[in-house]
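Colleague: I'm new to this one and would like a close look at a single part of it, the aromatic rings. Could you walk me through them and then show me how they sit in the rest of the chain?

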Amino acid sequence: MSPLTIIGFTIIFLATTAGSALVYCFRGDISKRTNSILLGFAAGVMIAASVWSLLLPSIGEAEAMFGNFAWLPAATSFLLGGLFVMLLDHIIPHFHAGTNQEEGPHSSARKSTKLFLAVTIHNIPEGLAVGFAFGAAAISDNPSAYYAALGLAIGMSIQNFPEGAAIALPMRSATRSKHRAFLYGMGSGAVEPIAAFLGFFLSTELGTLQPWFLGFAAGAMIFVVAEDLIPDSNISEYPHTGTWGVMSGFVIMMILDVALG
(Lines give C-alpha, C1' and ligand atoms only; values in the text may rest on other atoms or scores of the structure.)
Protein backbone atom coordinates (compact mmCIF):
# COMPACT_ATOMS: atom_id res chain seq x y z
CA MET A 1 0.00 0.00 0.00
CA SER A 2 1.49 3.31 -1.12
CA PRO A 3 2.08 6.29 1.19
CA LEU A 4 -0.52 8.30 -0.75
CA THR A 5 -3.09 5.59 -0.09
CA ILE A 6 -2.38 5.65 3.64
CA ILE A 7 -2.61 9.45 3.63
CA GLY A 8 -5.93 9.29 1.76
CA PHE A 9 -7.42 6.80 4.22
CA THR A 10 -6.19 8.82 7.19
CA ILE A 11 -7.37 12.29 6.22
CA ILE A 12 -10.99 11.24 5.72
CA PHE A 13 -11.07 10.14 9.35
CA LEU A 14 -9.12 13.11 10.71
CA ALA A 15 -11.46 15.57 8.97
CA THR A 16 -14.51 14.07 10.66
CA THR A 17 -12.67 14.17 13.99
CA ALA A 18 -11.72 17.82 13.48
CA GLY A 19 -15.31 18.72 12.62
CA SER A 20 -16.56 16.89 15.69
CA ALA A 21 -14.14 18.91 17.85
CA LEU A 22 -16.17 22.03 17.04
CA VAL A 23 -18.51 20.87 19.79
CA TYR A 24 -15.99 22.43 22.19
CA CYS A 25 -16.15 25.78 20.38
CA PHE A 26 -19.91 26.39 20.26
CA ARG A 27 -22.11 26.92 23.28
CA GLY A 28 -25.37 26.16 21.48
CA ASP A 29 -26.47 24.24 18.41
CA ILE A 30 -25.69 25.64 14.98
CA SER A 31 -28.55 27.52 13.36
CA LYS A 32 -30.83 25.83 10.85
CA ARG A 33 -29.54 28.16 8.15
CA THR A 34 -25.92 27.18 8.86
CA ASN A 35 -26.90 23.52 8.97
CA SER A 36 -28.60 23.95 5.61
CA ILE A 37 -25.49 25.27 3.90
CA LEU A 38 -23.20 22.68 5.55
CA LEU A 39 -25.31 19.69 4.55
CA GLY A 40 -25.96 21.21 1.12
CA PHE A 41 -22.21 21.61 0.67
CA ALA A 42 -21.66 17.96 1.60
CA ALA A 43 -24.32 16.94 -0.92
CA GLY A 44 -22.65 18.96 -3.68
CA VAL A 45 -19.27 17.38 -3.01
CA MET A 46 -20.75 13.89 -3.14
CA ILE A 47 -22.64 14.57 -6.38
CA ALA A 48 -19.52 15.87 -8.14
CA ALA A 49 -17.38 13.03 -6.75
CA SER A 50 -19.91 10.49 -7.99
CA VAL A 51 -19.71 11.87 -11.53
CA TRP A 52 -16.05 12.81 -12.03
CA SER A 53 -14.30 10.39 -9.68
CA LEU A 54 -16.53 7.32 -10.02
CA LEU A 55 -19.00 7.14 -12.91
CA LEU A 56 -16.79 8.60 -15.65
CA PRO A 57 -13.80 6.41 -14.68
CA SER A 58 -16.16 3.41 -14.50
CA ILE A 59 -17.34 4.01 -18.06
CA GLY A 60 -13.78 4.65 -19.25
CA GLU A 61 -12.47 1.41 -17.77
CA ALA A 62 -15.39 -0.57 -19.24
CA GLU A 63 -14.83 0.60 -22.83
CA ALA A 64 -12.24 -2.06 -23.61
CA MET A 65 -14.51 -4.86 -22.38
CA PHE A 66 -17.97 -3.63 -23.40
CA GLY A 67 -17.38 -1.33 -26.37
CA ASN A 68 -20.56 0.60 -27.16
CA PHE A 69 -22.11 -0.84 -24.00
CA ALA A 70 -19.45 0.66 -21.73
CA TRP A 71 -22.27 2.33 -19.81
CA LEU A 72 -23.67 -1.04 -18.71
CA PRO A 73 -21.48 -1.71 -15.61
CA ALA A 74 -21.86 1.87 -14.39
CA ALA A 75 -25.63 1.97 -14.88
CA THR A 76 -26.28 -1.45 -13.35
CA SER A 77 -23.97 -1.12 -10.37
CA PHE A 78 -25.17 2.46 -9.76
CA LEU A 79 -28.65 1.09 -9.07
CA LEU A 80 -27.21 -1.73 -6.96
CA GLY A 81 -25.37 0.82 -4.83
CA GLY A 82 -28.66 2.58 -4.13
CA LEU A 83 -30.30 -0.72 -3.23
CA PHE A 84 -27.42 -1.46 -0.85
CA VAL A 85 -27.96 1.74 1.13
CA MET A 86 -31.73 1.21 1.10
CA LEU A 87 -31.11 -2.23 2.63
CA LEU A 88 -28.98 -0.65 5.36
CA ASP A 89 -31.79 1.84 5.99
CA HIS A 90 -34.23 -1.01 6.51
CA ILE A 91 -32.09 -3.18 8.80
CA ILE A 92 -30.35 -0.52 10.93
CA PRO A 93 -32.45 1.64 13.29
CA HIS A 94 -31.43 5.29 12.96
CA PHE A 95 -32.69 8.84 13.42
CA HIS A 96 -32.40 11.90 11.15
CA ALA A 97 -32.05 15.08 13.16
CA GLY A 98 -32.80 17.34 10.20
CA THR A 99 -36.20 15.85 9.41
CA ASN A 100 -36.85 14.50 12.91
CA GLN A 101 -37.67 11.08 11.48
CA GLU A 102 -36.81 7.55 12.55
CA GLU A 103 -36.04 4.83 10.02
CA GLY A 104 -35.33 1.14 10.19
CA PRO A 105 -36.79 -1.44 12.58
CA HIS A 106 -38.23 -0.37 15.91
CA SER A 107 -35.57 -0.20 18.58
CA SER A 108 -35.34 0.91 22.19
CA ALA A 109 -31.85 2.29 21.58
CA ARG A 110 -31.16 5.83 22.73
CA LYS A 111 -31.69 8.74 20.40
CA SER A 112 -27.96 9.49 20.50
CA THR A 113 -27.20 5.96 19.27
CA LYS A 114 -29.69 6.31 16.42
CA LEU A 115 -28.18 9.67 15.42
CA PHE A 116 -24.77 8.03 15.39
CA LEU A 117 -26.00 5.15 13.21
CA ALA A 118 -27.59 7.57 10.72
CA VAL A 119 -24.27 9.30 10.02
CA THR A 120 -22.40 5.99 10.06
CA ILE A 121 -24.62 4.74 7.22
CA HIS A 122 -23.68 7.88 5.25
CA ASN A 123 -19.99 7.28 5.77
CA ILE A 124 -19.85 3.70 4.48
CA PRO A 125 -20.33 4.64 0.78
CA GLU A 126 -17.81 7.48 1.13
CA GLY A 127 -15.16 5.15 2.53
CA LEU A 128 -15.84 2.54 -0.17
CA ALA A 129 -15.52 5.18 -2.87
CA VAL A 130 -12.09 6.27 -1.62
CA GLY A 131 -10.95 2.65 -1.30
CA PHE A 132 -12.13 1.74 -4.80
CA ALA A 133 -10.37 4.80 -6.24
CA PHE A 134 -7.04 3.96 -4.61
CA GLY A 135 -7.50 0.31 -5.58
CA ALA A 136 -7.87 1.34 -9.21
CA ALA A 137 -4.73 3.46 -8.89
CA ALA A 138 -2.79 0.51 -7.42
CA ILE A 139 -3.84 -1.71 -10.32
CA SER A 140 -2.86 0.83 -12.97
CA ASP A 141 0.29 1.91 -11.07
CA ASN A 142 -0.16 5.30 -12.73
CA PRO A 143 0.88 8.38 -10.70
CA SER A 144 -1.98 10.42 -12.16
CA ALA A 145 -4.47 7.81 -10.93
CA TYR A 146 -3.05 8.14 -7.42
CA TYR A 147 -3.41 11.91 -7.55
CA ALA A 148 -7.00 11.56 -8.79
CA ALA A 149 -7.74 9.20 -5.90
CA LEU A 150 -6.11 11.65 -3.49
CA GLY A 151 -8.30 14.40 -4.93
CA LEU A 152 -11.35 12.30 -4.12
CA ALA A 153 -10.07 11.71 -0.57
CA ILE A 154 -9.46 15.45 -0.11
CA GLY A 155 -12.97 16.19 -1.38
CA MET A 156 -14.47 13.66 1.02
CA SER A 157 -12.38 15.19 3.82
CA ILE A 158 -13.63 18.70 3.03
CA GLN A 159 -17.24 17.58 3.31
CA ASN A 160 -16.49 15.36 6.32
CA PHE A 161 -15.48 18.39 8.37
CA PRO A 162 -18.96 19.99 8.40
CA GLU A 163 -20.50 16.51 8.65
CA GLY A 164 -18.53 15.88 11.83
CA ALA A 165 -19.90 19.12 13.26
CA ALA A 166 -23.39 18.25 12.05
CA ILE A 167 -23.45 15.10 14.19
CA ALA A 168 -21.46 16.27 17.22
CA LEU A 169 -23.43 19.46 17.87
CA PRO A 170 -26.91 17.84 17.93
CA MET A 171 -25.37 14.93 19.83
CA ARG A 172 -24.40 17.29 22.64
CA SER A 173 -28.07 18.06 23.22
CA ALA A 174 -28.94 14.36 23.16
CA THR A 175 -26.12 13.25 25.48
CA ARG A 176 -25.73 16.44 27.55
CA SER A 177 -21.98 15.96 27.32
CA LYS A 178 -19.44 17.63 25.03
CA HIS A 179 -16.99 14.79 25.47
CA ARG A 180 -19.47 12.07 24.59
CA ALA A 181 -20.73 14.11 21.65
CA PHE A 182 -17.17 14.42 20.36
CA LEU A 183 -16.57 10.68 20.74
CA TYR A 184 -19.78 9.89 18.88
CA GLY A 185 -18.75 12.20 16.04
CA MET A 186 -15.25 10.76 15.87
CA GLY A 187 -16.63 7.22 16.03
CA SER A 188 -18.96 7.85 13.11
CA GLY A 189 -15.92 8.76 11.01
CA ALA A 190 -13.99 5.63 12.02
CA VAL A 191 -16.13 3.55 9.66
CA GLU A 192 -14.73 5.42 6.66
CA PRO A 193 -11.13 4.12 6.73
CA ILE A 194 -12.51 0.65 7.52
CA ALA A 195 -14.77 0.79 4.47
CA ALA A 196 -11.86 2.26 2.46
CA PHE A 197 -9.62 -0.70 3.33
CA LEU A 198 -12.43 -3.05 2.29
CA GLY A 199 -12.89 -1.21 -1.00
CA PHE A 200 -9.14 -1.23 -1.65
CA PHE A 201 -8.93 -4.97 -0.98
CA LEU A 202 -11.86 -5.77 -3.27
CA SER A 203 -10.46 -3.59 -6.05
CA THR A 204 -6.96 -5.03 -5.96
CA GLU A 205 -8.10 -8.64 -5.62
CA LEU A 206 -10.93 -8.43 -8.14
CA GLY A 207 -9.55 -5.92 -10.60
CA THR A 208 -11.79 -6.95 -13.50
CA LEU A 209 -14.81 -5.82 -11.47
CA GLN A 210 -13.42 -2.32 -10.97
CA PRO A 211 -15.97 -0.59 -13.27
CA TRP A 212 -18.75 -2.22 -11.26
CA PHE A 213 -17.22 -1.21 -7.93
CA LEU A 214 -16.90 2.44 -8.98
CA GLY A 215 -20.49 2.60 -10.20
CA PHE A 216 -21.68 0.90 -7.01
CA ALA A 217 -19.99 3.52 -4.83
CA ALA A 218 -21.47 6.32 -6.94
CA GLY A 219 -24.99 4.92 -6.62
CA ALA A 220 -24.64 4.51 -2.87
CA MET A 221 -23.48 8.11 -2.45
CA ILE A 222 -26.20 9.59 -4.68
CA PHE A 223 -28.80 7.63 -2.71
CA VAL A 224 -27.51 9.18 0.51
CA VAL A 225 -27.63 12.64 -1.07
CA ALA A 226 -31.21 12.28 -2.33
CA GLU A 227 -32.58 10.34 0.64
CA ASP A 228 -30.85 12.07 3.54
CA LEU A 229 -28.54 15.03 2.97
CA ILE A 230 -30.83 17.23 0.88
CA PRO A 231 -33.96 16.57 2.99
CA ASP A 232 -31.95 17.06 6.21
CA SER A 233 -30.56 20.34 4.89
CA ASN A 234 -34.08 21.85 4.85
CA ILE A 235 -33.57 23.39 1.42
CA SER A 236 -37.33 23.90 1.23
CA GLU A 237 -37.08 26.27 4.22
CA TYR A 238 -33.83 27.96 3.14
CA PRO A 239 -33.82 27.47 -0.64
CA HIS A 240 -31.06 29.89 -1.60
CA THR A 241 -28.78 29.03 1.33
CA GLY A 242 -29.02 25.28 0.85
CA THR A 243 -28.87 25.45 -2.94
CA TRP A 244 -25.74 27.59 -2.91
CA GLY A 245 -24.24 25.12 -0.46
CA VAL A 246 -24.87 22.32 -2.98
CA MET A 247 -23.44 24.34 -5.86
CA SER A 248 -20.36 25.40 -3.89
CA GLY A 249 -19.58 21.84 -2.86
CA PHE A 250 -20.07 20.61 -6.42
CA VAL A 251 -17.73 23.22 -7.91
CA ILE A 252 -14.98 22.64 -5.34
CA MET A 253 -15.05 18.87 -5.85
CA MET A 254 -15.11 19.30 -9.63
CA ILE A 255 -12.07 21.58 -9.52
CA LEU A 256 -10.21 19.16 -7.24
CA ASP A 257 -10.87 16.22 -9.52
CA VAL A 258 -9.95 18.02 -12.73
CA ALA A 259 -6.87 19.65 -11.20
CA LEU A 260 -5.50 16.47 -9.62
CA GLY A 261 -6.91 13.96 -12.13
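Which residues form one aromatic cluster?

Modeller: Keep in mind that this is a predicted model. The cluster you're asking about is made of Phe9, Phe134, Phe197 and Phe200. That's one part of the aromatic picture; searching the whole structure turns up nine aromatic pairs.

Let's take one of those pairs, Tyr24 with Phe182. Their ring centres are 5.8 Å apart and the planes meet at 50°, so this pair is called tilted: it falls between the under 30 degrees of a stacked pair and the over 60 of an edge-to-face one. Now look at where the two partners come from. Tyr24 sits in the loop between α1 (3-20) and α2 (32-66), while Phe182 belongs to helix α6 (residues 178-205), so the pair ties together parts that are 158 residues apart in sequence. The two partners also differ in how much they are covered. Tyr24 has 39% relative accessibility and counts as partly exposed, because that value lies between the 20% and 50% cut-offs. Phe182, with 16%, counts as buried, because buried means under 20%.

Phe182 also leads us to Ser20, which is in helix α1. Ser20 touches Phe182, and its other contacts beyond four places in sequence are Gly164, Ala165, Ala168, Gly185 and Met186. Ser20 is buried, with a relative accessibility of 0%.

The next pair is Phe66 with Trp212. Here the ring centres are 6.3 Å apart and the planes are at 70°, so the pair is edge-to-face. Phe66 is in helix α2 and Trp212 in helix α7 (residues 210-232), so this pair links parts that are 146 residues apart in sequence. Both partners are partly exposed: Phe66 has a relative accessible area of 28%, and Trp212 has 26%.

Since helix α2 has come up, stay with it for a moment. Gly44 lies in that helix and is buried, with a relative accessible area of 0%. Setting aside neighbours within four places in sequence, Gly44 is in contact with Val246, Gly249 and Phe250. Gly44 and Gln159 are 115 residues apart in sequence, and their C-alpha atoms are 8.9 Å apart in space.

From there, have a look at helix α8 (residues 239-260), where you'll find Met247. Met247 is partly exposed, at 43% relative accessible area. Its C-alpha atom is 10.0 Å from that of Ala42, and the two residues are 205 places apart along the chain. Asp257 is in helix α8 too, but this residue is buried, with a relative accessible area of 10%. Leaving out neighbours within four places in sequence, Asp257 contacts Trp52 and Ser53. For Asp257 and Leu79, which are 178 residues apart along the chain, the C-alpha atoms are separated by 23 Å.

Now step back to the whole chain. There are eight helices and two strands, and reading along the sequence gives the pattern α-α-α-β-β-α-α-α-α-α. The radius of gyration is 18 Å, close to the 18 Å that the globule rule gives for 261 residues, so the chain is as compact as a globular protein of that length. If you draw a box around the C-alpha atoms along the principal axes, you get roughly 55 × 35 × 35 Å.

The links across the sequence that we met above have a counterpart in the contacts of the whole chain. Among contacts between residues at least 6 apart in sequence, 81% join residues at least 24 apart. As for cover, buried residues make up 50% of the 261 residues. The accessible surface comes to about 11500 Å², and 69% of that belongs to carbon and sulfur atoms. Finally, the charges: there are 10 positive and 16 negative ones, and their mean positions are 23 Å apart.

So if you go back to the rings, start with the cluster of Phe9, Phe134, Phe197 and Phe200. Then turn to the tilted pair of Tyr24 and Phe182, and after that to the edge-to-face pair of Phe66 and Trp212.

Methods: Residues are numbered from 1 along each chain as its sequence is written. This is a predicted model: local features need pLDDT of at least 70, side-chain atom pairs count only at pLDDT 80 or more; totals for chains, interfaces and linings use all residues. Side-chain values use heavy atoms; hydrogens and water are left out. Rings of Phe, Tyr and Trp (its six-membered ring) pair if their centres lie within 6.5 Å; planes under 30 degrees apart count as stacked, over 60 as edge-to-face and the rest as tilted. Helices (H or I, at least four residues) and strands (E, at least two) are DSSP runs, numbered from the N terminus. Buried means under 20% relative accessible area, exposed over 50%, partly exposed in between (1.4 Å probe, protein chains only). The radius of gyration is taken over C-alpha atoms; the globule rule is 2.2 Å times the number of residues to the power 0.38. Contact means heavy atoms within 4.5 Å. Accessible areas come from the Shrake-Rupley method with a 1.4 Å probe; for residues, only the protein chains shown count as cover. Lys and Arg count as positive and Asp and Glu as negative; His and the chain ends are not counted. The place of a charge is taken as NZ of Lys, CZ of Arg, CG of Asp or CD of Glu.
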